[in-house]
Structures are given as structure tokens and as C-alpha cells.
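Please open the model in your viewer and keep the selection panel at hand. The tour goes from one selection to the next and says, at each stop, what to look for.

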Amino acid sequence: MDGRAGSHPYADLSLLLEHTESVADVSAADCDLLYLASGHGAMVDFVADDHIARLIREVTQAGRPVAAVGHGVAGLLATRNGERPVVASRKITSFSTSEERLVHMADNLPYSLPDALARAGARYRPAPVPFLPYVVRDGMIVTGANPSSASRVLRTAWQLVPTS
């Protein structure tokens, strides 16, 4: 590596990440759609961030899609529309308990995401086959079971973006 900007394959990405806006500074007006990425950290970070819950609520109330994959679905847990969790009575999928067991993480998590979704009133739907793409859409909320579902989730959610 010669240290010049752009010489590293991720140099442009690193520059973008250095200047990423805080979720606290983003409003629904800034979003055509909101995407919550997967990763075990999302089970803690997304649930604990009031700004994420506010943004999800604002985006859904504005009639725009919210997409979430795998553990990113945990971001929906702390979001309420009035008194009800945004997932209440909705068909939702996420990384499943069987997938957690298969990657030897089931005993290392702060909680079971499928159980938490069910307690919040979601109509939880696990992927029929672990690790294969599986997408569930309920209104303007699109969820994917695992990382292999990400591109299908985005394609599905993108079709919901208002064209005006």
C-alpha cells in the first residue's frame, strides 16, 4: 500500500463512515426507506437507542417502508405506535433459535429474539430452512430471517417506496 487515498479497496467506504450522520440527526423526511442491518450487536444497540425507535415510528407513520434483516429486526422491539409495539399483530421473521443453535450462539445471547418478538405480539415466522433466504412482508414492514435474505428484503422494500 502506498497510503494514497483510494489505494486501499475500502478507502472510499472508510471516508464515508468517518462522516456518517448520527441517527439522532436523521428524520423520516431524509428516508425513502429505512434499513436495519443484521449482527448480534443490534440485539442490544438497536433496542437501547431511542433515536432508532423514533425514526422507525416516523418512517412508518409517513407511509414509507422499514426493512430489517436477521438480528436487525430487534430494532423493531422498542418501537411503539401509541401504546402498542409496532410489531404487534404483524407477521415478522428474524434469525431463528435453530439458526442461533447451529452457529453455537444460542447460549451467548442476552435474550431470544423470536421469543421477544412473540412477547411483543408479533406473529413470528421462522425461515422454513435455516440460513436460506426468507422474507416476510406485512404492510410497510419487510423482514428477512438471516443475512442471505438481505438482497430480497431490499428488493421487496424498494418496491414499496412511493414514487413521487
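Begin with the largest nonpolar core of this predicted model, which has 29 residues, and select Leu76, Val87, Ile92 and Leu117, the members that touch the most others. Then colour the elements that give two or more residues to this core, namely strand 1 (34-36), helix 2 (42-48), helix 3, strand 2 (66-69) and helix 5 (113-119). Helix 3 is the one that gives the most, with four residues. As background to this stop, nonpolar side chains in soluble globular proteins tend to be buried together.

Stay with Val87 for a moment and show its surroundings: leaving out residues up to four places away in sequence, Val87 touches Leu76, Ile92, Leu117, Ala120, Gly121 and Ala122. A second core, separate from the one just visited, has nine residues, and among them are Ala67, Val69, Leu160 and Val161.

Next, select the sheet. Four strands form an open sheet in the order 1-2-8-7, with mixed pairing. Strand 1 and strand 7 are its edge strands, each of them pairing on one side only. If you look along the sheet, neighbouring strands are turned against each other by 15° on average, direction ignored.

Which way do strand 2 and strand 8 run relative to each other, parallel or antiparallel? They run parallel, and four bridges join them. Within strand 8, Val142 is the residue that stands opposite Ala67, and Val142 is also the bridge partner of Arg137. Strand 7 and strand 8, by contrast, pair in the antiparallel sense, over four bridges. These two strands form a hairpin with two residues between them, and Gly139 in the turn has a positive phi of about 65°.

Now show the side chains of strand 8 and compare the directions in which they point. Ile141 and Thr143 point one way from the strand, while Val142 and Gly144 point the other way, and all of them are buried. This fits a general pattern, since in a regular strand the side chains alternate between the two faces of the sheet.

Turn the view to find helix 3, which lies across strand 1, strand 2 and strand 8 and runs at about 140° to strand 1. Helix 3 covers residues 50-61 and includes Thr60, which counts as buried because its relative accessibility is 17%, under the 20% cut-off. A polar atom of the Thr60 side chain lies 2.9 Å from the backbone oxygen of Arg57. Apart from residues up to four places away in sequence, Thr60 touches Val66, Asn81 and Ile141, and Ile141 is one of the buried residues of strand 8 that you have just selected.

Move on to helix 6 and select Ala150, Val153 and Ala157, the buried residues of this helix. Why do they lie on the same side of helix 6? They cover an arc of only 60° around the axis, and that puts them together on one side. More generally, an α-helix has 3.6 residues a turn, so residues three or four places apart point the same way. The buried residues of helix 6 pack against strand 1, strand 2, strand 7 (135-138) and strand 8, whereas the face turned away from this buried side carries the exposed residues Arg155 and Trp158.

Just ahead of this helix, in the loop between strand 8 (141-144) and helix 6 (150-158), select Ser149. Is Ser149 buried or exposed? At 0% relative accessibility, Ser149 counts as buried. Leaving aside neighbours within four places in sequence, Ser149 is in contact with Leu132, Pro133, Tyr134, Val135 and Gly144.

End the tour with two residues picked for their backbone angles. Ser89, in the loop between strand 4 (84-85) and strand 5 (91-92), has a positive phi of about 70° although it is not a glycine. At 41% relative accessibility, Ser89 counts as partly exposed. Phe131, which lies in the loop between strand 6 (123-124) and strand 7, is not a glycine and has a positive phi of about 75°. Phe131 is partly exposed, with a relative accessible area of 35%.

Technical notes: Residues numbered from 1 in each chain as written. Predicted model: local features only at pLDDT ≥ 70, side-chain atom pairs only at ≥ 80, totals over all residues. Heavy atoms only, no water. Buried < 20%, exposed > 50% of the residue type's maximum accessible area, 1.4 Å probe, protein only. Polar contact = N/O pair within 3.5 Å; in protein donor to acceptor, adjacent residues only side chain to side chain. Contact = heavy atoms within 4.5 Å. Core = buried A, V, L, I, M, F, W, Y, C linked by side-chain atoms within 4.5 Å. Arc of directions from axis to C-beta. Pairing = 2+ DSSP bridges. Axes fitted to C-alpha atoms, helices over the stretch in contact; angles between N-to-C directions.
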